[in-house]
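Biologist: I would like a close look at the open spaces in this protein. Please take one part and go through it step by step.

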Amino acid sequence: MKLDFEEHGSGFPVVLLHAFPLSRQMWKPQIASLATQNIRLILPDLYGFGGTGIEGDISRLEEMAADIGALIDRLGIKQAVIGGLSMGGYVTFNLYRLRPELFRAMILCDTNSAADTQEKRENRFKLIENVIENGTQALIDNMLPNLTGSFTKANNKDLTAKLTRMFAETDPLAAIAALRGMAERSDHTYLLPEIEVPTLLIFGEEDELTDLKIAEGMHEKIKDSRLSVIKDAGHYSNLEQPEQFDQAVVSFIREIIG
Ligand code: MLT
């Protein structure tokens with residue numbers, strides 16, 4: 001499927017893949033600070049989110065990854081820094097497995113190489129039932145409270161309101177299809193020692209969904225990796241603390257590309 005996307009700036013290509021149930025809009029705070037740093041920032045929408053259509057009732061992460069590869073090819077790009085946050089990270093692992101030659105470096109934010117446990121899978125199916133019944137309100141009620149950190153909850157009501165709006169705008173069918181895709185995703189932990197490119201791990205200190213234990217486990221297994229812990233941020237580290245997040249990305253890219 002052809003993915004909708006936007007791009008900003010010129011320089012070395014950096015592709016960032018968004019989280020569930022958001023869209024490329026989640027990278028808005030990054031545009032001004034990254035696209036002025038000799039970076040060509042490419043922001044695709046994954047299946048059913050933002051401007052990209054949906055195909056069928058399950059959005060497979062492997063197929064999304066193949067389409068990201070096709071988009072990079074179409075743009076005439078041989079190598080890029082490729083990364084994603086949470087679901088975007090799950091797609092990044094799939095893309096590295098399918099097309100490692102496209103990676104100059106990797107950025108993994110608030111994500112996990114492991115597949116869902118049986119319990120998590122069962123919870124996803126319950127959430128699907130809930131979305132069928134109540135639409136995206138089910139996501140707002142059941143997911144959102146566990147995503148942002150305590151600092152954001154106490155000090156950034158605007159972001160909470162914005163995330164609530166973004167969740168509400170999600171197409172319920174796209175959310176259901178992506179939940180099914182995440183529930184059946186493969187475990188990519190075996191791939192971590194095979195990652196040959198410099199890798200930056202960025203995790204919110206207060207992330208409860210993909211916590212620092214997960215981050216440290218991946219950091220140990222990926223040879224050329226560094227871990228940047230974002231203070232006063234939960235799962236949405238780029239939105240909760242954009243300055244710290246952008247600084248981590250820019251200094252990594254300077255280190256890798258010069
Ligand atoms: C995300 O932030 O992309 C999702 O919460 C990931 C997930 O549900 O596993």
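Biologist: Which element gives the most to the lining of the largest pocket?

Modeller: This is a predicted model, and what follows is computed from it. Helix α4 gives the most to the lining of the largest pocket, namely six residues. The volume of this pocket is about 480 Å³. Its lining is made of 24 residues, and N123, R124, L127, M143 and L209 are the closest to the centre. Three elements give two or more residues to that lining: α3, α4 (118–134) and α8 (172–183). Sorted by class, the lining of the largest pocket holds eleven nonpolar residues, eight polar ones and five charged ones.

The second largest pocket can be described in the same way. Its volume is about 260 Å³. Here 16 residues form the lining, with S23, Q25, G50, M166 and E169 nearest the centre. Helix α7 (residues 157–169) supplies the largest share of this lining, three residues. The classes in the second largest pocket are four nonpolar, six polar and six charged residues.

Next come the enclosed spaces. The structure has one cavity of 30 Å³ or more. The largest cavity contains about 40 Å³ of space. Its lining consists of L61, Y90, F93, N94, N112, S113, A114, R185, S186 and H188. Helix α3 (residues 87–98) gives the largest share of this lining, three residues. Helix α3 is also one of the elements that give two or more residues to the lining of the largest pocket. By class, the cavity lining has four nonpolar residues, five polar residues and one charged residue.

Key
Residues numbered from 1 in each chain as written. Predicted model: local features only at pLDDT ≥ 70, side-chain atom pairs only at ≥ 80, totals over all residues. Heavy atoms only, no water. 1 Å grid on protein atoms, 1.4 Å probe; cavity = no way out; pocket = protein on both sides within 12 Å on 5 of 7 lines; lining within 4 Å. Points joined across faces, edges and corners; volume = space filled by probe spheres on them. Helix = DSSP H or I, 4+ residues; strand = E, 2+ residues; numbered from the N terminus. Nonpolar A, V, L, I, M, F, W, Y, C, P; charged D, E, K, R; others polar.
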